[in-house]
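Reader: I'm new to this one, so could you walk me through a single part of it up close? I'd like to hear about the place where the ligand sits, and whatever is right beside it.

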Amino acid sequence: MPTIQACLFDLDGVIVDTAKYHYQAWRKLANDLGFDLSLEQNELLKGISRMESLDIILSIGKVSLTEEQKISYATEKNTLYLELCQQMTPDDTLPGVRPFLEELKASSIRIGLGSASKNARVILERIDMLSYFETIVDGNRITKGKPDPEVFLIGANDLNADHAQCVVFEDAVAGIQAAKAAGMFAVGIGEASVLTEADIVVEGFKNFSLQNLLNAEM
Ligand code: B16
Ligand code: MG
C-alpha cells in the first residue's frame, strides 16, 4: 500500500466512548425484563446494530417478545441512550483523535465515518467533530451490518478511494472483519488478544501519528 487515500473511522469506541451509555441503557432494559447484563456480555454488542443487539440481550435473558414489543423496547432504550449522551461535550472525544485527524487533513488524506449507529450525526455534533468527516456512512445508510463490508465499501466509494488504499480504524471484532472483507488495512483500537484479525492494534490515538501508520504498513 504505497499511499493512503482515505481513512475510515468507526465511531463508538474509536472517536468517542459511548459504549458506557449504550451499556447503561441496555442494562436498564434487561433489568426491566427481570435479568441483569454484565459488562462482559455488553462486549458482545460492540459494533452490532440496535435490533441485533436487542436479540442478543433477549437470548441472554431467555426472554421472547413479539416484533411490536421489540420495537417498543428498542425505542425506549434509544430514548434513554440519547438522554445519557446529552452529558457529552467535546472533551469526551477520545485522547489523540483530534490531532490525528488534523494530521490527516494536513496530508490531504480523505476522512470518512463508518458506523453501525443511527445516532452518529447527533453524537458527532455533540462532540463538535462533524466538520472533520467528508462522508458519514451510518446505520441509516446500510442494509447489512458489520462484519459485512458494506459500510466501508460505501465510505470508500463516497470518497472515491481504492479499497486497497483505505485504512479502517475499529474497536470491534465485527468491524475488523468488515474492514478485511472490504480489502482494507485494519487498525484495531484496543487489545491485540481480542482484535486478532487486525493488521495492527494500538491502544488509542494518544501516542499514534500518521508516521506510525505509514511505518506499520511497510
Ligand atoms: P444505535 P459503532 C455501534 O456503533 C455500537 O458499537 C453498538 O454498540 C450499537 O448497538 C450500534 O452502533 C447501533 O447504535 O443504537 O445508536 O443505532 O461502533 O459501529 O460506531
Ligand atoms: Mg465501535
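Author: Sort the shell around ligand 1 by residue type and you get four nonpolar, six polar and six charged residues. Keep in mind that this is a predicted model. In total, 16 residues surround ligand 1, and the closest are Ile48, Ser115, Ser117, Lys118 and Asn119. Both domains pitch in: domain 1 (6-17 + 90-215) and domain 2 (19-85) each supply at least three residues of that shell.

Now for some of the contacts with oxygen atoms of ligand 1. Ser117 reaches one with a side-chain N or O atom, at 2.7 Å. Gly47 uses its backbone instead, with an N or O atom 2.8 Å from a ligand 1 oxygen. Asp10 has a polar side-chain atom 2.8 Å from an oxygen of ligand 1. And how much of ligand 1 does the protein bury? Of the 460 Å² that ligand 1 exposes when taken alone, 97% is buried by the protein.

Asp10 has a second job to look at, with the magnesium ion (ligand 2). That ion is coordinated by Asp10 (OD), Asp12 (O) and Asp171 (OD), at distances of 2.0 to 2.2 Å. Along the sequence, the spacing of these donor residues reads D-x1-D-x158-D. Are Asp10 and Asp12 buried or exposed? Asp10 counts as buried because its relative accessibility is 4%, under the 20% cut-off. Asp12, at 16% relative accessible area, is buried too.

Let's take a step along the chain from Gly47, to Lys46. Side chains of opposite charge can pair when their charged atoms come close. Lys46 does this with Glu43, in a salt bridge whose closest N and O atoms are 3.2 Å apart. Lys46 has 27% relative accessibility, so it counts as partly exposed. Its partner Glu43 is partly exposed as well, with a relative accessible area of 45%. Another salt bridge joins the side chains of Glu134 and Arg110, at 2.6 Å from N to O. Across the whole structure, a search finds 10 salt bridges.

How values were computed:
Residues are numbered from 1 along each chain as its sequence is written. Chains are lettered from A and ligands numbered from 1 in the order in which they are written. This is a predicted model: local features need pLDDT of at least 70, side-chain atom pairs count only at pLDDT 80 or more; totals for chains, interfaces and linings use all residues. Side-chain values use heavy atoms; hydrogens and water are left out. A residue is near a molecule or strand if one of its heavy atoms lies within 4 Å of it. A polar contact is a pair of N or O atoms within 3.5 Å; within protein, one must be able to donate a hydrogen and the other to accept it, and residues adjacent in sequence count only if both atoms are side-chain atoms. Accessible areas come from the Shrake-Rupley method with a 1.4 Å probe; for residues, only the protein chains shown count as cover. Ala, Val, Leu, Ile, Met, Phe, Trp, Tyr, Cys and Pro count as nonpolar, Asp, Glu, Lys and Arg as charged, and the others, Gly among them, as polar. Domain bounds come from an automatic or database domain assignment. Donors are N, O and S atoms within 2.8 Å of the metal (3.2 Å for Na, K and Ca); water is not among the atoms, so sites may look incomplete. Buried means under 20% relative accessible area, exposed over 50%, partly exposed in between (1.4 Å probe, protein chains only). A salt bridge is a side-chain nitrogen of Lys or Arg within 4 Å of a carboxyl oxygen of Asp or Glu.
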